[in-house]
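Please work through the exercises below with the sequence and the structure in view.

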Amino acid sequence: EDEREEERSQTLTRGVVAGLRASVEPLRAALAEGGSVGDVMSVGREAVGRLGRLLAELDVLAGSVPDAARARTSVRDELERVVSALEPEDARRVRVDHRTDRVVLCFPDDLARICHALLVNALYVTPRERAVVITTRDEPDGGVRVEVKDGGPGVPSKHRARIFMPFYSTHPGVETSGLGLSLARSLARRGGGTLELLPDDGEGGATFVLRLPANDVAPSGPS
């Protein structure tokens, strides 16, 4: 357990440093190249934007996010909005199988961010000729279950225990914050739900399951 905590701390530290470097390096390069004031200011605004997004994501992980109002939300409608906001080519690769019309009490923006993170991750690993499948179902306790199954090779066993670790990425060399799945799980827990990776079923692909609680379950802080 101590070794796992040390690894988590080291990964988090490396991730923060990498995020800061990725935000600042373009500005440093623009200044070194002696670009015009307009060009440097444009690069500077982009750098500030990246830093702002990184800090906002770290705030979520730390639990220091402002209180938000929960609202009765149609999972079907929220998922449709998330899919429709994708690039058209990506949206066509998503198949949604709604098996429930249940409404839940949740943080709507959090639900959208969770679903978007899961879809982006699934689309990245799924070959273009295959589909990402989302299935919604009723849970026996009155909640809703959202399954996102990709068409990729699955998650190797060496990555499974660390898949939700902040800044841990199974795609080395790809420009990403490495916070998507970690943030998604934190947001799920904030609303009283859970997010997990199902065991390998031997059929290929990976399935992430978001469980949204029944309306009478109190939300909790991120962890």
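Two exercises with solutions follow.

The model is predicted: local features need pLDDT of at least 70, side-chain atom pairs count only at pLDDT 80 or more, and totals for chains, interfaces and linings use all residues. Residues are numbered from 1 along each chain as its sequence is written, and side-chain values use heavy atoms, with hydrogens and water left out.

**Exercise 1.** Determine which element gives the largest share of the largest nonpolar core.

Step 1. A nonpolar core is a set of buried Ala, Val, Leu, Ile, Met, Phe, Trp, Tyr and Cys residues joined through side-chain atoms within 4.5 Å; buried means under 20% relative accessible area, exposed over 50%, and partly exposed in between (1.4 Å probe, protein chains only).

Step 2. The largest such core has 36 residues, and Phe208 and Leu210 are among those with the most contacts inside it.

Step 3. Helix H5 (108–125) and strand E5 (144–149) are among the elements giving two or more residues; helices (H or I, at least four residues) and strands (E, at least two) are DSSP runs, numbered from the N terminus.

Step 4. The largest share, nine residues, comes from H5.

**Exercise 2.** Identify the salt-bridge partners of glutamate 147.

Step 1. A salt bridge places a side-chain nitrogen of Lys or Arg within 4 Å of a carboxyl oxygen of Asp or Glu.

Step 2. Glutamate 147 pairs with arginine 137, the closest N and O atoms being 2.9 Å apart. Glutamate 147 lies in strand E5 and arginine 137 in strand E4, so the pair ties together parts 10 residues apart in sequence.

Step 3. Arginine 145 also forms a salt bridge with glutamate 147, at 2.6 Å between the closest N and O atoms. Shared partners thus join Arg137, Arg145 and Glu147 into one network.
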